[in-house]
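Student: I'd like to learn how to read a fold at the level of single helices and loops. Can we work through one together?

Tutor: Sure, let's put it up and take it feature by feature.

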Amino acid sequence: MSSAVSPLAPKFYPEMPVVRGVRIATAAAGIKYKNRTDVLLMVFDEPASVAGVFTRSKCPSAPVDFCRANLPHGTARAVVVNSGNANAFTGVKGKAATELTADSASKAVGCQTNEVYLASTGVIGEPLDATKFAGVLGDMHRSAVGDFWLEAAKAIMTTDTYPKVATRTAEIDGVPVVINGIAKGAGMIAPDMATMLSFVVTDADIAPAALQALLSQGVGPSFNSVTVDSDTSTSDTLLLFATGKAAADGQKKVETADDPRLVSFRDALNDLLKDLALQVVRDGEGARKMVAVTVTGAESDAAAKRIALSIANSPLVKTAVAGEDANWGRVVMAVGKSGEMADRDRLAIWFGDIRVAVNGERDPDYSEAATTAVMQQEDIAIRADIGLGNGTATVWTCDLTKEYVAINGDYRS
């Protein structure tokens, strides 16, 4: 595992306020790593509304199955997350591990198992010994505190080099509400919901159906627009909880997502989701550069997104970025293979503000020196205009370095 913190890491962490209605604890259970926190417990002392989105992998983990089954109940009292083991492709043992964990959490917290949410991250295919942390949940419940967000983010890291946290404030009915979120993810990150684990909590009073609609809409331009390596995880889980504590300040409960009172909240939530998603990309395994790929002029927004992902997921594009090589021919290749409509002779490509190709050939004013200077920056923008319609999309990725191969070549050893 790489110990060096990504050069793209945030320069400072935001001060994470307490969100009323949730308490947090972490523990070191020795699931994979010694002397490292690897279990997280979130406790809602009163039932919270819950919404979730999950991987679309056809080989989901046991915790994903468990959460999906509980989601229709709409309320949460506890979340248990472990790192070091994904509890995926673990058969009947995996299901038994989720049942043992949920049973232990429900006893510790004093709730039903259908009010417990689980997530696991780490190696796929290794049975998870849930007894390791089932026994510590009682102590964790007693010691949980509100002011523990950064520690919570650290407890769910695997190959991450830094914890990922974000906070926003908004208002509903003129009542201030807080939204806090944590995420983990560095590899096996591709936009297919939710490409990692993320847990977001607000003290707003919002019904589960409205919360679900907000979350489902919010992931499109955020978590579903990032890719590190095109590989969709088995375990991707994004959960959003609303404790309802702002009701004490006079906020009236929001029942539907189209409620006009949600304007400020929706903007803040979407901003927070994008913040966390970009932190994941900036911690891409071995990453040294962040790349924003924008496609304009496509037949539709959906077509633009597919072309943008074709560019962002191309190992040839990503290695060119790593080598600071302005090889726009690789962008042409990625546009052409995307499966979407494109016209070679209408295509234009920019690296940063520099147009490198236009009308199907190299720009007559092309300067290798000026373009190389763009490629030497930490944050690089690549844009392709297809010249056919009004479809636009932006996705974010990182470069592909030797370090990525080293991290993933040694992952199980």
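Student: Let me start with a helix: on the other side of α10, which residues are exposed?

Tutor: First, keep in mind that this is a predicted model. To count as exposed, a residue needs over 50% relative accessible area, while buried means under 20%. In α10, Gly-336 and Lys-337 are the exposed ones on that other side.

Student: And which residues of α10 are buried?

Tutor: Helix α10 covers residues 329-337, and its buried residues are Val-331, Ala-334 and Val-335. They cover an arc of only 100° around the axis, which puts them on the same side of α10.

Student: What do the buried residues of α10 pack against?

Tutor: Packing is read from contacts, meaning heavy atoms within 4.5 Å. Here the partners are two helices, α8 (301-312) and α9 (315-322), plus two strands, β10 (348-351) and β13 (379-385). Look past the end of the helix too: α10 is followed by Gly-339, with a positive phi near 90°.

Student: Let's try the neighbour. Which residues of α9 are buried?

Tutor: Val-317, Lys-318, Ala-320 and Val-321. Seen down the axis of α9, these buried residues fall within an arc of 160°, so they line one face of the helix. Notice that a lysine, Lys-318, is on the buried list.

Student: Which elements do the buried residues of α9 pack against?

Tutor: Among helices, they meet α8, α10 and α11 (368-375). The strands they pack against are β9 (290-298), β13 and β14 (391-398). So α8 and β13 turn up for α9 as they did for α10, a reading that rests on contacts within 4.5 Å.

Student: What comes between α9 and α10?

Tutor: A loop, and Gly-323 is found in it. Gly-323 is exposed, at 54% relative accessible area. Its C-alpha is 8.5 Å from that of Met-375, although the two are 52 residues apart in sequence. Also, Glu-324, just after α9, takes a positive phi of about 55°.

Student: Where else should I look for a positive phi in a residue that is not a glycine?

Tutor: Try two asparagines. Asn-87 has a phi of about 45°, and Asn-359 has one of about 50°. Asn-87 lies in the loop between β3 (75-85) and α2 (91-109). Asn-359 sits in the loop that links β11 (354-358) and β12 (361-362).

Student: Is Asn-87 buried or exposed? And how does Asn-359 count, buried or exposed?

Tutor: Check each against the cut-offs. Asn-87 is buried, with a relative accessible area of 1%. Asn-359, at 53%, counts as exposed.

Student: Now zoom out. What does the radius of gyration say about the protein chain?

Tutor: The idea is to compare the chain with a compact globule. For 413 residues, such a globule would have a radius of gyration near 22 Å, and the protein chain's 22 Å agrees. The C-alpha trace spans about 70 × 55 × 35 Å along its principal axes, and 57% of the residues count as buried.

Student: How many helices and strands does the chain have?

Tutor: There are 12 helices and 14 strands. To see how the sequence is tied together, take contacts between residues at least 6 apart: 81% of them join residues at least 24 apart.

Methods. Residues numbered from 1 in each chain as written. Predicted model: local features only at pLDDT ≥ 70, side-chain atom pairs only at ≥ 80, totals over all residues. Heavy atoms only, no water. Helix = DSSP H or I, 4+ residues; strand = E, 2+ residues; numbered from the N terminus. Rg over C-alpha atoms; globule rule 2.2 N^0.38 Å. Buried < 20%, exposed > 50% of the residue type's maximum accessible area, 1.4 Å probe, protein only. Arc of directions from axis to C-beta.
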